[in-house]
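Biologist: Could you take me closely through one part of this model, strand by strand, and then place that part beside the other elements you can describe with confidence?

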Amino acid sequence: MHGKPSNIDDEQLYLTRVLQLMDRQIAELEATVDDRQSEIVEMKRHFWDEVTVDKDEMFETYVSIMQQAKDLASHERVQAHAAKWMNKLRKHIDAPYFGRVDFVETTDPEVLPVYIGLMSVTDEASGEHLVYDWRTPIASLFYDYAPGPVRYRTPADMIEGEMTLKRQYLIRGGRLEAVFDTGIQIGDDMLQEMLRRSADTKMKSIVSTIQREQNAIIRDDAHDVLVVQGAAGSGKTSAAMQRIAYLLYKYRDSMRSEQIVLFSPNDLFNDYVSNILPELGESNMTQTTYQSYIEHRLVTERRIEDIYDQKERLMGTAAQLVGEDIADIESVAACWKASASYKLVLDTYMDSLKREGMRFIRFGTPKRTIISAEQLADQFYGPLADWSLPARIDKLKDWVLTELKAWAEREVKRVYRKLAAQPNYLGTDDELRSMSRKQVNKWLKLMRVQAKKLRFVEWEEMYLDLMRGLPTWTEQAGVTVQESGAATDPMASERYANDIGKRTVERFEAGVIPFEDASPLLYLIESVEGFDTFNHIRHVVMDEAQDYSPFQYALLKRLFPRSRFTILGDWNQAIYEANRMSSIASVEEMFADKQVGVIRLTKSYRSTLDIMELARTVLPYGEEAEPFNREGDKPELHMLSDESERMQYLDSCLQRMKADKLLSTAIITKDEAAAERVHAQLHALHPQLKRVSKHTKQFVSGQWVVPSYLAKGLEFDAVIVYDAEEQTYGDETERKLFYTVCTRALHRLSFLSVGQPTSFLNNWLSAIK
């Protein structure tokens with residue numbers, strides 16, 4: 001491309017040229033789609049007219065049919081491709097590009113202006129690239145460098161040169177509204193413009209404002225496992241979504257979106273991020289939650305507790321429900337069962353199963369035993385004893401199927417003789433044999449399914465065997481049970497182990513599998529049966545990675561043996577006792593056999609400077625979080641005399657925020673019970689007020705009441721912390737939960753307190769006096 005626009009008029013002329021080309025291409029593609037549609041309709045109407053049917057030459061008839069089908073499929077492919085590009089051009093014509101760099105290659109003195117957008121735009125008549133896709137190698141210059149010496153890597157070589165200009169554009173509705181010349185950081189003017197906007201119902205792409213450190217995440221291709229520690233609002237999730245779009249572009253010949261899976265905290269979060277890849281022109285990847293996998297994989301009649309019910313159980317109200325002693329035991333159990341120490345206990349228990357302890361389920365009808373549990377154990381610990389546990393299970397399955405086949409043959413004969421002996425039977429001998437086979441096959445089919453699905457081991461009873469002997473197993477493993485962060489003497493450890501075991505048995509017998517036991521139970525099953533694997537998955541993204549336990553990491557690593565991992569977390573927001581990796585180093589240890597990279601995003605772009613400064617005082621020793629310099633309203637603390645005054649204040653707050661046209665407001669309560677109560681009292685005055693629960697699947701703009709732990713990952717224009725008193729947030733273990741609540745607000749943050757405010761605010765209150 002010759003010549004470079006140097007002023008606003010030239011830039012406007014260039015934009016007009018790009019828009020005209022895109023309009024022309026849309027019209028051509030539209031004509032192609034219409035023409036192909038007419039041809040497809042015509043071919044379908046006259047499909048059989050073009051087929052040569054020859055009864056004597058069926059092969060020629062087959063060839064004729066296949067040729068017609070092939071021609072039809074070819075037209076449909078061309079139409080689908082044209083429609084895809086037409087829609088893509090229509091989607092991006094309002095803002096075809098957002099950035100530009102002027103590049104002079106060392107070996108070529110000609111200046112190359114590179115305009116960068118969400119898709120490439122090429123004049124096919126001249127071969128000229130008017131806009132480059134942001135994922136192309138040369139586009140990385142825009143994100144990584146200031147004007148001056150630069151370089152970028154292509155698949156073939158490293159290209160070096162000089163950047164003489166770096167420019168950003170604000171284009172809306174095909175109109176050039178602003179132009180910014182900038183340095184290495186994407187300009188503050190553009191960022192300020194983006195960040196001033198209200199929170200949206202869906203997370204948006206950050207392509208036009210990607211920072212250098214975020215670009216390192218997006219384009220990292222050197223590591224099997226990339227761990228990202230990102231402060232609240234640092235854009236780690238957005239960067240990860242952009243990373244997936246980049247990988248789909250770079251490996252478009254070998255990777256498809258269905259080969260990528262995202263593990264996110266809940267369905268609400270899945271909905272929140274669901275627009276990013278389509279916005280970037282890619283199909284959505286598979287989105288799921290770890291809880292969904294657990295519930296799919298654990299075949300049980302018991303209810304499997306999820307992490308949110310566990311959080312409610314372990315918060316302050318638990319002591320009122322079950323008593324102080326039991327609440328203490330459950331809290332210690334939740335922390336300890338998420339630790340590497342407990343994993344060692346389970347590994348010790350599983351090692352013992354090679355010698356004894358397997359519990360089996362018999363095969364048979366309600367009235368007859370075909371293969372007893374004792375026979376299964378004899379086979380497992382007898383002829384199969386030299387094999388590994390997964391191999392034994394597999395060979396035991398084969399043995400069972402052989403035994404069932406032999407039983408079926410004998411049983412058909414027995415039933416036949418029994419039926420034949422009945423004096424009132426008038427059918428033929430063949431009918432009698434058929435009836436015998438059907439009767440036997442009904443039971444045989446059920447037992448074969450039981451065998452093939454490996455449903456002949458009493459896993460839950462075996463897990464309870466571990467619980468009943470927990471003091472013994474902890475001693476054999478050489479570990480102690482202790483309160484989080486506290487040294488524990490051997491006598492206390494044995495007492496804890498005994499009490500934890502008893503309480504776990506009680507909960508199982510009540511029909512519930514506690515959340516802290518679900519992953520260890522599945523780990524036991526998978527380790528003994530042999531791990532299911534998803535070998536077709538190429539990339540796994542784990543969000544909120546600080547909330548995954550060693551058991552969960554071990555399971556996911558084994559489930560996806562051929563995958564690369566992008567692991568996103570903020571250890572400042574590790575709010576779940578029974579789902580916690582203590583540090584980034586712990587994650588690195590889990591993947592010690594792979595190439596692991598760690599990137600830290602310390603700058604937060606979500607909240608105003610004052611809100612992030614407050615958050616830093618709440619968590620002074622946490623991971624670094626540097627606020628972006630964006631001014632706004634200062635956080636406020638409102639001291640109220642009683643609950644009635646608090647509800648009146650909330651009423652006035654909601655009215656004021658609606659009048660100020662804030663698109664999203666959250667009243668954040670500590671727990672579900674408070675959220676339900678607040679919603680019930682305010683809903684008559686504010687019928688638009690909605691409540692988030694763990695079952696909420698879609699996030700829309702408006703006014704919400706949200707329990708603290710469900711607010712993580714979301715953002716709101718304004719946040720009102722409903723119960724910011726010491727009585728509610730007074731335990732040191734809740735500091736990170738309170739920090740998480742504070743960092744949900746983009747523009748406004750208010751605290752309401754009846755009585756003494758939480759001590760977590762003391763440093764902030766001292767600073768503003």
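Modeller: Strand β1 (residues 99-105) runs antiparallel to β2 (residues 111-117), to which 6 bridges join it, and in this predicted model the two form a hairpin with 5 residues between them. Within that pairing, V101 of β1 has V114 as its bridge partner in β2. Strand β2 is itself mostly covered, since 5 of its 7 residues are buried.

From β2 the description passes to β4 (residues 128-133), for the two are joined by 2 bridges and run parallel. Here I116 stands opposite Y132 of β4, and G117 stands opposite D133. Strand β4 also pairs with β3 (residues 121-123), in the antiparallel sense and over 3 bridges, with T122 opposite H129. The strands β3 and β4 make a hairpin with 4 residues between them, and in its turn G127 has a positive phi of about 75°. Of the 6 residues of β4, 5 are buried, so this strand is largely enclosed by the rest of the structure. Strands of a sheet pair through backbone hydrogen bonds, either parallel or antiparallel.

Beside this part one can set another sheet, an open one of 6 strands with parallel pairing, in the order β20-β25-β24-β21-β23-β22. Its edges are held by β20 and β22 (690-691), each of which has a single partner strand, so one side of each is left without a neighbour in the sheet. Strands β24 and β25 pair in the parallel sense over 5 bridges, and F716 has A745 of β25 as its bridge partner. Helix α26 (residues 735-742) packs on this sheet, where it touches β21, β24 and β25, and its direction makes about 130° with that of β25.

Helix α24 (residues 643-659) belongs in the same account, because its buried residues are covered by elements that include β20 (636-640), β21 (664-669), α25 (672-682), β23 (702-707), β24 (716-721) and β25 (745-754), where contact means heavy atoms within 4.5 Å. Those buried residues are R646, M647, Y649, L650, D651, C653, L654 and M657. An α-helix has 3.6 residues a turn, so residues three or four places apart point the same way. With its 17 residues, α24 reaches 25 Å from its first C-alpha to its last, close to the 24 Å expected at 1.5 Å a residue. At the N-terminal end, α24 is capped by D642, a side-chain oxygen of which lies 3.2 Å from the backbone nitrogen of S644; after the helix comes K661, whose phi is positive, near 60°.

There remain the nonpolar cores. The largest holds 91 residues, and M358, L466 and I567 are the members that touch the most others in it. Helix α15 (residues 389-420) supplies the largest share of this core, 11 residues. If residues up to four places away in sequence are not counted, M358 touches L353, F380, Y381, I393, V457, W459, M462 and V528. Apart from this core lies another, of 89 residues, which has V273, F515, L568 and L601 among its members.

How values were computed. Residues are numbered from 1 along each chain as its sequence is written. This is a predicted model: local features need pLDDT of at least 70, side-chain atom pairs count only at pLDDT 80 or more; totals for chains, interfaces and linings use all residues. Side-chain values use heavy atoms; hydrogens and water are left out. A nonpolar core is a set of buried Ala, Val, Leu, Ile, Met, Phe, Trp, Tyr and Cys residues joined through side-chain atoms within 4.5 Å. Buried means under 20% relative accessible area, exposed over 50%, partly exposed in between (1.4 Å probe, protein chains only). The expected span of a helix is 1.5 Å times one less than its number of residues. A polar contact is a pair of N or O atoms within 3.5 Å; within protein, one must be able to donate a hydrogen and the other to accept it, and residues adjacent in sequence count only if both atoms are side-chain atoms. Two strands pair if DSSP finds at least two bridges between them. Axes are lines fitted to C-alpha atoms, for helices over the stretch in contact, and angles run from 0 to 180 degrees between N-to-C directions.
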